[in-house]
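Okay, thanks for coming, everyone. Let me put the structure up on the screen, and then we can walk through it together.

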Amino acid sequence: MFSFDIFTEISSPSDFETLALETYHYQKTHCKVYGDYVRLLNRAEPISLNEIPFLPIEFFKQYSILSDTFDHTAAIFKSSGTGGDAKSSHFVADLNVYKKSFSLAYRHAIGPPENQVILALLPNYISQGDSSLVFMVNELISQSANSLSQFLLGDLPTLKNAYLEAISLGKVPVIIGVSYALLDLAAHGVDLSQAIVIETGGMKGRREELSKAELHSILKEKLNLSAVYSEYGMTELLSQAYSKKDGIFHCPPWMKVVIRDVYDPFQFLENGKRGGVNIIDLANIYSCSFIATQDMGRLVEEGFVLEGRLEMADLRGCNLLID
């Protein structure tokens, strides 16, 4: 059985490919849904990274995707869904893997939580009760070990006071919010120039959809920010990518994005060409690490950018907005 720790030691593309192929063989054998899917494809066994089959993300709405080496789950995370749509369910065998993955990725991209005051504006996720995003942010709040760190539900005075007190204590204020909650905040014209503001995407039908560029432009102007950060994650993953200033997302060493041809899902595109986003998340050891999402994007030299959704694809709460 794999240990997540080996994935944190990846230092080269060849390391990643070797571990990805080992993960493929493990999951083909021990994850029935993925194994059945691979067999139905009836393709030659992969000998390189680009030959590994990716499971359509819709399968997480229909099946329990979990390794048969576990007879129980530590948690079941569900997507927020929209209206009466079916929700995706991610059966997580080991929460310690999730904690290690998001903690290391956050520390690398955003900084150590113990140096921060973390303020979360995630109202719809809190109300659903089984959100992986809320679990992650709650753990980061705990790691900050600061009584000012908290979830907020439209409490502007508390946010302002916590922001100012964080600065007075020499802490970095970090505000993590769903897009419409950040726009509600921006409507008040609060000066948050010394904060790191991270949007997690998702209007949830509360506001008119905006492009990412439009969203960030409004937030920067109204909140007096030089940049807006973004987090790219989803219920079906245990890892996240972050964009700091330029809309270019960077993955932790155990996560990789490749772009597929939307007309031929087994054909992958070179840098600069727009297509469907496929994600390899090796932290998904005990579910499925190879997922074909409904997002559109393209690879660039420094990472990847998102460019909306496949036409007619279901809206998903933690999906980022169209550039």
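Here's a warm-up: is E45 buried, partly exposed or exposed? The relative accessibility of E45 is 36%, so E45 counts as partly exposed. Keep in mind while we go that this is a predicted model.

Let's stay with E45, since its side chain has a partner. The side chains of E45 and K28 meet in a salt bridge, 2.8 Å from N to O. K28 sits in helix α1, while E45 is in the loop between α2 (32-41) and β1 (55-56), so this pair ties together parts that are 17 residues apart in sequence. If you count up the salt bridges, you get ten.

Next up, helix α2. D36 and K32 make a salt bridge there, and their closest N and O atoms are 2.6 Å apart. Both residues lie in α2, and they're four residues apart, which is about one turn of the helix. And how open are these two? D36 is partly exposed, because its relative accessible area is 29% and the exposed class starts over 50%. K32 has a relative accessible area of 61%, so K32 is exposed. There's a third member to add: K32, D36 and R39 are linked in a network of salt bridges.

α2 has some hidden residues too. V33, Y34, G35, Y37 and V38 are buried in that helix. What covers them? The cover includes α1, β1, α3 (59-62) and β14. Then, following α2, you get N42, which has a positive phi, near 55°.

One more salt bridge before we move on. R309 and D295 meet through their side chains, at 2.9 Å from N to O. R309 is in strand β15 and D295 is in strand β14, so here the pair ties together parts that are 14 residues apart in sequence. Are these two buried or exposed? R309 has 14% relative accessibility, so R309 counts as buried. D295 is at 0%, so D295 is buried as well.

Okay, now a serine. S89 is in strand β3, which covers residues 89-92. It's buried, because its relative accessible area is 10% and the cut-off for buried is under 20%. Which side chain does the S89 side chain make a polar contact with? That would be K78, at 2.9 Å. Leaving out residues up to four places away in sequence, S89 touches F60, I76, F77 and K78.

Let's go to helix α8, residues 179-186. Seven of its eight residues are buried, so α8 is largely enclosed by the rest of the structure. The buried ones are S179, Y180, A181, L182, L183, L185 and A186. And what's doing the covering? Among the elements over those buried residues are β4 (116-121), α5 (123-128) and α7 (156-168). The cover also includes β6 (172-177), β7 (196-199) and α9.

Now a quick look at backbone angles, with two residues to find on the screen. A145 has a positive phi of about 50°, although it isn't a glycine. You'll find A145 in the loop between α6 (132-144) and β5 (150-151). With a relative accessibility of 69%, A145 counts as exposed. The other residue is N224, which isn't a glycine and has a positive phi near 60°. N224 lies in the loop between α9 (212-223) and β8 (229-232). Its relative accessibility is 43%, so N224 counts as partly exposed.

Last stop, the largest pocket. What is its volume? About 420 Å³. The lining of this pocket is made up of 21 residues, and C251, M255, K256, V257 and G303 lie nearest the centre. Which parts of the chain supply the lining? At least two lining residues each come from α1 (13-30), β10 (249-250), β11 (255-261), β14 (290-300) and β15 (303-309). By class, the lining has 13 nonpolar residues, four polar ones and four charged ones.

And notice some names coming back here. α1 helps line the largest pocket, and α1 is also where K28 sits, the salt-bridge partner of E45. β14 and β15 are in that lining too, and those strands hold D295 and R309.

That's my tour, so over to you for questions.

Notes:
Residues numbered from 1 in each chain as written. Predicted model: local features only at pLDDT ≥ 70, side-chain atom pairs only at ≥ 80, totals over all residues. Heavy atoms only, no water. 1 Å grid on protein atoms, 1.4 Å probe; cavity = no way out; pocket = protein on both sides within 12 Å on 5 of 7 lines; lining within 4 Å. Points joined across faces, edges and corners; volume = space filled by probe spheres on them. Nonpolar A, V, L, I, M, F, W, Y, C, P; charged D, E, K, R; others polar. Buried < 20%, exposed > 50% of the residue type's maximum accessible area, 1.4 Å probe, protein only. Polar contact = N/O pair within 3.5 Å; in protein donor to acceptor, adjacent residues only side chain to side chain. Contact = heavy atoms within 4.5 Å. Salt bridge = Lys/Arg side-chain N within 4 Å of Asp/Glu carboxyl O.
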